[in-house]
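Could you walk me through this structure, one selection at a time? I have it open in a viewer and would like to know what to click on next.

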Amino acid sequence: MRYIAGVKGILLSALCCLAAFAPTSSLKLGEFSRTTSPLAPTSPFAQGDSKEILGKLCQATEAVDIHAKPDPKSKVCYEAKAFDYMVFRPFNETWSKILLQNGTYGFVLRDHVALLPYRVTKGATGGTGLTNEQIVESAADRSLKMIGDPVTHALRGGGFVSEAFSEIGMKLPSSVAKQSRLGSPVSRLQDLRPGDRLYFWDAQRDRMGFSGIYLGGGYFIGPLPGRKSIATDYLGSKKWLKALVAARR
């Protein structure tokens, strides 16, 4: 993992005293373990003990129907709720395959799911787990290559994070509000890892403002307000701590 010059090495001790970010979702991890869901169970914190890759982790960006066939008129197998976790495999430009508990696949419209930077593997016990945290770090690597790029309209809000993650094959919505509710929450600053997504509040407009990517050593990168190009800054500064409302992995 590459770090930018001048990284101070650790967050200020004051950061470590901050217990949690403001909650943005009531999402409970491992939600698909409930018996009423036909979807394959998965949890962002599970660890598989096998290298058999079942697919990639994704989340529904809104309530969506899982169909028996790639046809909107086909039977609905399950009605997934917004922000439900699912195991994803590509099918075509319009539809994605979703792994079900019985080993078969359902189909969902691709625009209704967000790809997260994890692979899901099959464990020896038959459950599923996640590997390759390096995938998340590679998003931080990619974002560093964007330093100095002009902050266009497409990169504002959640556009920068969406663009950086798309370069490593992950699909996230460009809406900063939707992004801030996708993935696993990181509740403590000292638990941040390179590649984690950061979300900041715009007090003037009273809404979610922009997103950034944590680089490590207390620094992050993004389309910072008032800057004409993508830049880095120290997360420990008072203004960013005050504006930071969520972190996701």
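Start by selecting K97 and Y105: the charged end of K97 sits over the ring of Y105, at 4.4 Å from the ring's centre. Keep in mind along the way that this is a predicted model.

**Next stop: the open sheet.** Select strands 9 to 13. These five strands make an open sheet, and its order is 12-11-10-9-13, with antiparallel pairing. Now look at the edges, where you will find strand 12 (231–234) and strand 13 (244–248). Each of them has a single partner strand, so one side of each is left without a neighbour in the sheet. From one strand to the next, the twist averages 35 degrees.

Zoom in on strand 10 (residues 207–216) and strand 11 (residues 219–222), which pair in the antiparallel sense over three bridges. Which residue of strand 11 is the bridge partner of I213? Click on I221 to see that partner.

**Then add helix 3.** Select residues 159–166: this is helix 3, and it packs on the sheet, where it touches strand 9 (197–202), strand 10 and strand 11. The direction of helix 3 makes about 40 degrees with that of strand 10. Is the helix mostly enclosed or open? Six of its eight residues are buried, so helix 3 is largely enclosed by the rest of the structure. To see the buried ones, colour G159, F160, V161, S162, A164 and F165.

**Go inside.** Show the largest nonpolar core, which has 45 residues. Highlight M86 and I213, the members that touch the most others in this core. Strand 7 (residues 113–122) supplies the largest share of the core, six residues. There is also a second, separate core of 15 residues; among them are L192, Y214, W240 and L244.

**Finish with the rings.** The count of aromatic pairs comes to seven. One of them is Y219 with Y234, a tilted pair with 5.2 Å centre to centre and 55 degrees between the planes. Because Y219 lies in strand 11 and Y234 in strand 12, the pair ties together parts that are 15 residues apart in sequence. Are these two rings' residues buried or exposed? Y219 is buried, with a relative accessible area of 13%, and Y234 also counts as buried, at 9% relative accessibility.

For a last selection, pick F200, F210, F220 and W240, which form one aromatic cluster. You have met W240 before, in the second core.

Conventions
Residues are numbered from 1 along each chain as its sequence is written. This is a predicted model: local features need pLDDT of at least 70, side-chain atom pairs count only at pLDDT 80 or more; totals for chains, interfaces and linings use all residues. Side-chain values use heavy atoms; hydrogens and water are left out. Two strands pair if DSSP finds at least two bridges between them. Helices (H or I, at least four residues) and strands (E, at least two) are DSSP runs, numbered from the N terminus. Axes are lines fitted to C-alpha atoms, for helices over the stretch in contact, and angles run from 0 to 180 degrees between N-to-C directions. Contact means heavy atoms within 4.5 Å. A nonpolar core is a set of buried Ala, Val, Leu, Ile, Met, Phe, Trp, Tyr and Cys residues joined through side-chain atoms within 4.5 Å. Buried means under 20% relative accessible area, exposed over 50%, partly exposed in between (1.4 Å probe, protein chains only). Rings of Phe, Tyr and Trp (its six-membered ring) pair if their centres lie within 6.5 Å; planes under 30 degrees apart count as stacked, over 60 as edge-to-face and the rest as tilted. A charge sits over a ring if NZ of Lys or CZ of Arg is within 6 Å of the ring centre and within 35 degrees of the ring normal.
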